[in-house]
Amino acid sequence: MAENASTRVHTGSRRNAAARAAILTAAAELLAEYGSSGVTVDRIAAHASVGRQTIYRWWPSKDAVLLDALVHSAEQAVAIPDTGTLRGDLEIFLRETFAAAQTERNRQALIAAVMAAQDDANLEQALREFLARRRTALTEVIEQSRSRGGIPATAPVELAVEQAFGVLWYRILFQPSALHAEGAAELAGALTAQLAAV
């Protein structure tokens with residue numbers, strides 16, 4: 001009996017998802033080993049066991065692949081914590097964010113992506129989407145506290161999020177030695193005091 005078309009299992013989307021995951025994993029591993037300048041599309045393709053055309057189907061350039069790999073890593077490494085307090089949640093989120101940005105290869109890849117985005121509209125859009133997702137994640141951390149009654153309804157959440165990422169990017173660009181757990185704790189304390197004081 002012929003297989004019913006409505007019940008046939010379609011594996012194309014699973015293959016695509018597996019290939020995409022393999023490419024992102026390969027890009028992250030190569031970035032950690034060689035740095036941005038030592039990674040090429042050919043090297044990513046070989047490491048992921050895919051063809052170059054598979055990579056270019058989803059990304060316009062090597063920098064776009066590396067940025068997406070960093071996004072993927074960040075979203076896996078930095079989850080939404082729930083310690084029961086805003087200070088605790090912020091400290092965990094910021095500590096993990098600082099740790100992800102602290103490695104020299106990740107920091108250099110982020111800087112390279114920012115520079116390349118000045119001349120690449122597709123990469124600029126990808127970078128904007130990455131930053132928007134990270135801002136949304138931190139907003140969720142703060143809103144979680146507001147829903148528990150931990151901060152006033154009028155607390156300036158958007159400003160606090162901008163301040164947190166302003167500090168992060170300043171340190172990525174100019175003060176990487178300050179991307180440490182103590183700095184994350186200090187920033188978490190300052191933001192908590194600001195949000196609770198309104």
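## Exercises: a cavity and its aromatic neighbours

S36, D63, L66, L67, L70, A109, A112 and A113 line the largest cavity. The model worked on here is predicted.

**Exercise 1. Describe the largest cavity by its elements, its residue classes and its volume.**

Step 1. Start with the elements. Two of them, α4 (62-77) and α6 (104-117), each give two or more residues to the lining. The largest share comes from α4, with four residues.

Step 2. Sort the lining by class. Six residues are nonpolar, one is polar and one is charged. Ser falls outside the nonpolar and charged lists, so S36 is the polar residue. Asp counts as charged, so D63 fills that class.

Step 3. Add the volume. The largest cavity takes up about 40 Å³. The structure holds one cavity of 30 Å³ or more.

**Exercise 2. Classify the ring pair of W58 and W59, then state how exposed each residue is.**

Step 1. A pair of aromatic rings is described by the distance of the centres and the angle of the planes. The count here is two aromatic pairs.

Step 2. Take the distance for W58 and W59. Their ring centres are 5.9 Å apart. The cut-off for a pair is 6.5 Å, so the two rings pair.

Step 3. Take the angle. The planes stand at 80 degrees. Over 60 degrees counts as edge-to-face, so this pair is edge-to-face.

Step 4. Check exposure. W58 has a relative accessible area of 25% and is partly exposed. W59 has 4% and is buried, because buried means under 20%.

**Exercise 3. Do the same for Y170 and F174.**

Step 1. Locate the residues. Both lie in helix α8 (residues 157-174). They are four residues apart, about one turn of the helix.

Step 2. Read the geometry. The rings of Y170 and F174 are 5.4 Å apart, centre to centre, with 55 degrees between the planes. That angle is neither under 30 nor over 60 degrees, so the pair is tilted.

Step 3. Check exposure. Y170, at 48% relative accessibility, is partly exposed. F174, at 61%, is exposed, because the cut-off is over 50%.

**Exercise 4. Which arginines sit over the rings of Y34 and W58?**

Step 1. Begin with Y34. R43 lies over the face of this ring, 4.2 Å from the ring centre.

Step 2. Turn to W58. The charged end of R57 sits over its ring, at 5.5 Å from the centre.

Step 3. Combine the results for W58. The ring of W58 pairs edge-to-face with W59, and R57 sits over the ring of W58.

Terms used. Residues are numbered from 1 along each chain as its sequence is written. This is a predicted model: local features need pLDDT of at least 70, side-chain atom pairs count only at pLDDT 80 or more; totals for chains, interfaces and linings use all residues. Side-chain values use heavy atoms; hydrogens and water are left out. On a 1 Å grid over the protein atoms alone, a cavity is a set of points where a 1.4 Å probe fits but cannot get out, and a pocket is an open set with protein on both sides within 12 Å along at least five of seven lines; lining residues have an atom within 4 Å of a point. Grid points are joined across faces, edges and corners, and a volume is the space filled by probe spheres set on the points. Rings of Phe, Tyr and Trp (its six-membered ring) pair if their centres lie within 6.5 Å; planes under 30 degrees apart count as stacked, over 60 as edge-to-face and the rest as tilted. Buried means under 20% relative accessible area, exposed over 50%, partly exposed in between (1.4 Å probe, protein chains only). A charge sits over a ring if NZ of Lys or CZ of Arg is within 6 Å of the ring centre and within 35 degrees of the ring normal.
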